[in-house]
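Let's walk through this one together, starting at a turn and working outwards. Keep the viewer open so you can follow along.

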Amino acid sequence: MPADKPDLTTDSYRLSGLKAVGHYAWQLLWADGHSTGIYTYDYLRRLCDCDICLEKEAASD
Ligand SMILES: [Zn+2]
């Protein structure tokens with residue numbers, strides 16, 4: 001656990017649910033109750049390093 005984030009708990013890193021936002025993003029719900037921000041499919045795709053996503057990323061350039 002990072003020592004410089006004292007107000008975060010293990011629950012802050014535990015995913016409790018997902019909520020679809022339209023047809024383009026997810027809102028992530030965390031076990032400590034926060035749900036700040038939405039994550040678009042494009043953004044999540046860019047974060048992923050798996051072969052499928054890297055192929056799609058290369059094809060779209
Ligand atoms: Zn992937």
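How many residues lie between strand 1 and strand 2 in their hairpin, and which residue in the turn has a positive phi? There are three residues between the two strands, and the one to look for is Gly-22, with a phi of about 55°. Bear in mind as you look that this is a predicted model.

Now step out of the turn and into the strands on either side. Strand 2 covers residues 25-30, and six bridges tie it to strand 1, with the two running antiparallel. You can check the register with a couple of pairs: Val-21 has Ala-25 of strand 2 as its bridge partner, and Ala-20 sits opposite Trp-26, also in strand 2. As a general reminder, strands of a sheet pair through backbone hydrogen bonds, in either a parallel or an antiparallel way.

Next, follow strand 2 across to its other partner. Three bridges join strand 2 to strand 3, again antiparallel, and one pair to find is Gln-27 with Ile-38 in strand 3. Put together, the three strands make an open sheet in the order 1-2-3, with antiparallel pairing. Strand 1 (15-21) and strand 3 (38-40) each have a single partner strand, so they stand at the edges and one side of each is left without a neighbour in the sheet. From one strand to the next, the twist averages 30°.

Two residues are worth a click here. Take Tyr-24, in the loop between strand 1 and strand 2. Setting aside neighbours within four places in sequence, Tyr-24 contacts Thr-40 and Tyr-41. Tyr-24 and Thr-40 are 16 residues apart in sequence, yet their C-alpha atoms are 5.6 Å apart in space. Even with those contacts, Tyr-24 has 11 other C-beta atoms within 10 Å, so it counts as exposed; the cut-off for exposed is 12 or fewer.

The other one is Lys-19, in strand 1. Leaving out residues up to four places away in sequence, Lys-19 touches Trp-26, Gln-27 and Leu-29. Is Lys-19 buried or exposed? Lys-19 is exposed, because it has 11 other C-beta atoms within 10 Å. If you measure from Lys-19 to Ile-52, 33 residues apart in sequence, you'll find 24 Å between the C-alpha atoms.

Time to zoom out. The protein has two helices as well as the three strands, and along the sequence the pattern reads β-β-β-α-α. Its radius of gyration is 15 Å, well over the 10 Å that the globule rule gives for 61 residues, so the protein is more spread out than a compact globule. Along the principal axes, the C-alpha trace spans about 40 × 30 × 15 Å.

What about burial and contacts across the whole chain? Of the 61 residues, 0% count as buried, where buried would take 20 or more other C-beta atoms within 10 Å. And among contacts with a separation of 6 or more, residues 24 or more positions apart account for 0%. So, back where we began: the hairpin of strand 1 and strand 2, with Gly-22 in its turn, belongs to a protein that is more spread out than a compact globule.

Note on methods: Residues are numbered from 1 along each chain as its sequence is written. This is a predicted model: local features need pLDDT of at least 70, side-chain atom pairs count only at pLDDT 80 or more; totals for chains, interfaces and linings use all residues. Two strands pair if DSSP finds at least two bridges between them. Helices (H or I, at least four residues) and strands (E, at least two) are DSSP runs, numbered from the N terminus. Axes are lines fitted to C-alpha atoms, for helices over the stretch in contact, and angles run from 0 to 180 degrees between N-to-C directions. The radius of gyration is taken over C-alpha atoms; the globule rule is 2.2 Å times the number of residues to the power 0.38. Two residues are in contact if their C-beta atoms, placed from the backbone, lie within 7 Å.
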